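Hi there,

Here is the structure I promised to pass on to you. Have a look at it first, and then read my notes underneath.

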Amino acid sequence: MLVVGGSLTGLSAALFLAHHGVRCVLVERHLDTSPHFRFRGIAARSMECFRGVGIEAAVRAASTQDQRAGGVARMANLAAADVAWLPTPWEDDIAGLSPCAQETCDQDQLEPVLRREAIRRGADVRFGTELLEFHQDADAVHAVVRDRTAEKRYQIRASYLIAADGVHSPVREALGIGRTGPGVLEDRMSVLFRTDLDAAVRGRRFTACVVDDIAATLVPRAGGAWMMTVPFDPRAGAGTGSHWAGLVRAASGRQDAVVELVDTLSWQCAALLADRFHDGRVFLVGDAAHVMPPTGGFGGNTGIHDAFNLAWKLSFVTRGAAPPALLDSYERECRPVAQHTMDQALARHRRWFPATAYATGPAPDTTIVDDNTVMFGYHYRGPGHPPFDEPARPTGLPGTRAPHAPLDEHLSTLDRFGCDLVLLGADPWRVAAARISTEDRIPLRDHSARTGDGVTGAGAVLVRPDGFIAWRCDAAVDDHTSVLRGALDDLGLVTARMTYR
Ligand SMILES: Cc1cc2nc3c(=O)[nH]c(=O)nc-3n(C[C@H](O)[C@H](O)[C@H](O)COP(=O)(O)OP(=O)(O)OC[C@H]3O[C@@H](n4cnc5c(N)ncnc54)[C@H](O)[C@@H]3O)c2cc1C
C-alpha cells in the first residue's frame, strides 16, 4: 500500500492500515510535519477512531486544551469591550453518545503523535520523499518517487495508492478527476506569531476570536503563541513581516504590541467535492477528496473518517477476506457524507460571515444541525434518508454507527469492534458465527448482545470493524448459519469463501 501525503489524513491512514496489519509506505515531500495549527478540534467520533487503534491516551497527552474554554468570540478587535459569542461549535455533554470526549489538539501537535504511532505499528513513513509520477495496471500501482535528502529517484510498486496529498492533489489532477461545488470563497493567510496580548484579552477565554475590524480570526495558544488568519490577495505578493505585524496590532487593538513573526501560510477557504473518490487502485481521502470552509471544524475530521472507513476494507481485500468490489463502497459511502458535511460548513460560513462573496451567491438549501449531529449522525444508509441521523436516538439500522453503552467505568460496547466483523446475538447466532469464521476463514468474532446493542429478542446484529452496523436480523430463524452466510454474501464480504480463498 502506498500513501501519498504525510499530513493529518495520510498519517491517519497509515496508522489505521498499520493497525490492521497492512504493510504500507507513506511518502511526504516535506522534511517534517507542518508547524501550522490548522485543525484543532478533534470530534468525539474521531477520538473513537483513535481509541479504536489504541492511541486515545497518546492524543490526549498532546492536548492543547488550555485555550478551549469559552467558544468562539466576536469582537471589533481584541481590546474592544463588547464581545458577542458565536454558536458554540462543540457541545460538551456527549457522555451518553460516546466513551470519548472531543479533544483540542492542534494539528502541529497531533501529527507527530500519528506519525510516531504509525511507525510503532510498522508503517514505513518516509518524509522528504515526493511522488513524481505513477500509473496503474490490472495488478498494481507503479510509482516513481524522489528522496529529497539523498537526491535519488526510485520506484515503488503497491497494490493500492491512497492519495492524501491535499487540496491541490497532484494524484487527483493526474487522474483527471474534476471537482464540483461553490469553489474558492476567499484567499487567506495564516500568520503564526508570538506576543503578549494578556492586557488586551483581559482574562476572557476563547477558542478563537473573529475580529471584525480586519475580517481576521485570532486563535490563541498557551505561552503567547497565536495564529491569525486574514484575507489575502495572492496577486499582491506574500507580504512583508512588518505588513503582517501591522495587521496583528490592528487585530489586537494594541499598537504597542511587540510581535515576533514565526511563519506564514497561504490557503484558500473553499468548498469543492471531487467528482469521484476512487479510480481503479487509487483512492482519494481528506482534502484531496473534499475541501470545506473551517466553519464548524469538520474538514480534518471528515478526512480521518474517510481513512477509517477505507482502512479496514483494504485490509479485508488484501488478505483475501473480501473481493475487491468491497472497495467500491468507499466512494458510495464517504462521498455523500462529505457532501452533507460540506453543506453544513457552508451554511455556518454563510451565517457567521454574511459579508463574504459566497453569501451573495445562491443560498444553500441547508438547515444547520448541531455539530455533534454532523460528526455522529452521518450514516451510510444511501439516498432517500435525511443527511444525518439524530445521535441521541440510534436506530440500529444497517449503515448507522453502532450505539455506545458503557460496559463498566472504562469500557464501552464500542471497544468490542476494531479489526474483525463482530456478530452480536444469542448462542445460536454465536455458534453460527464461530462456525463460519472457521470454515470460511473470515475475520468474524462473536459476542453476547448487551443492553443498548439494539439486538431484538432472538435477533442478531453484525458490526463492521469501523463500528458501523452492516446487517441486522430481527426475526427468529431456524438455520442461523445459512442465514448469516447469506447475509455476508449479500454484503459482498465473504465471496472470499467461494473465489478468493
Ligand atoms: C486555517 C485552517 C483551520 C482549520 N481548522 C480546522 C478545524 O478546526 N477542524 C478541522 O476538522 N479541520 C480544520 N481545517 C482543515 C484541515 O486542516 C484540513 O482538512 C487537513 O489539513 C487536511 O489534511 P490532509 O492530510 O487531507 O491534507 P494536507 O494537510 O493538505 O496534507 C497534504 C500533504 O500531502 C503532501 N503532498 C502533496 N503532494 C505530494 C507529493 N507529490 N508527494 C509527497 N507528498 C505530497 C503535502 O506536502 C502535504 O503535507 C483547517 C484548515 C485551515 C487552513
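Below are some notes on the domains and on two helix pairs.

Please keep in mind that this is a predicted model.

Let me begin with the overall layout. The domain assignment splits the protein chain into three pieces: domain 1 covers 2–65 + 100–180 + 271–373, domain 2 covers 183–270, and domain 3 covers 413–500. Between the centres of domain 2 and domain 3, taken over C-alpha atoms, lie 52 Å.

Now for the first helix pair. Helix α1 (residues 8–19) packs against helix α8 (residues 299–318) with the axes 9 Å apart and an angle of about 30°. Since angles under 35 degrees count as roughly parallel, α1 is therefore roughly parallel to α8. Their crossing is right-handed. On the α1 side, the contact involves Leu-8, Thr-9, Ser-12, Ala-13, Phe-16 and Leu-17, while α8 contributes residues including Gly-300, Gly-303, Ile-304 and Phe-308. Sorted by class, the contact of α1 with α8 holds 9 nonpolar residues, 4 polar ones and no charged ones.

The second pair is helix α11 (residues 427–439) with helix α12 (residues 480–490), whose axes come within 9 Å and cross at roughly 60°. That angle makes α11 oblique to α12, and the crossing of these two helices is right-handed. Among the residues that meet here are Trp-429, Arg-435, Ile-436 and Glu-439 in α11, and His-480, Leu-484, Arg-485 and Leu-488 in α12. The contact of α11 with α12 has 8 nonpolar, 2 polar and 3 charged residues.

Enjoy exploring!

Best wishes

Note on methods. Residues numbered from 1 in each chain as written. Predicted model: local features only at pLDDT ≥ 70, side-chain atom pairs only at ≥ 80, totals over all residues. Heavy atoms only, no water. Domains from an automatic or database assignment. Axes fitted to C-alpha atoms, helices over the stretch in contact; angles between N-to-C directions. Helix = DSSP H or I, 4+ residues; strand = E, 2+ residues; numbered from the N terminus. Parallel < 35°, antiparallel > 145°, perpendicular 65-115°, else oblique. Left-handed = near helix turned anticlockwise from the far one by under 90°. Contact = heavy atoms within 4.5 Å. Nonpolar A, V, L, I, M, F, W, Y, C, P; charged D, E, K, R; others polar.
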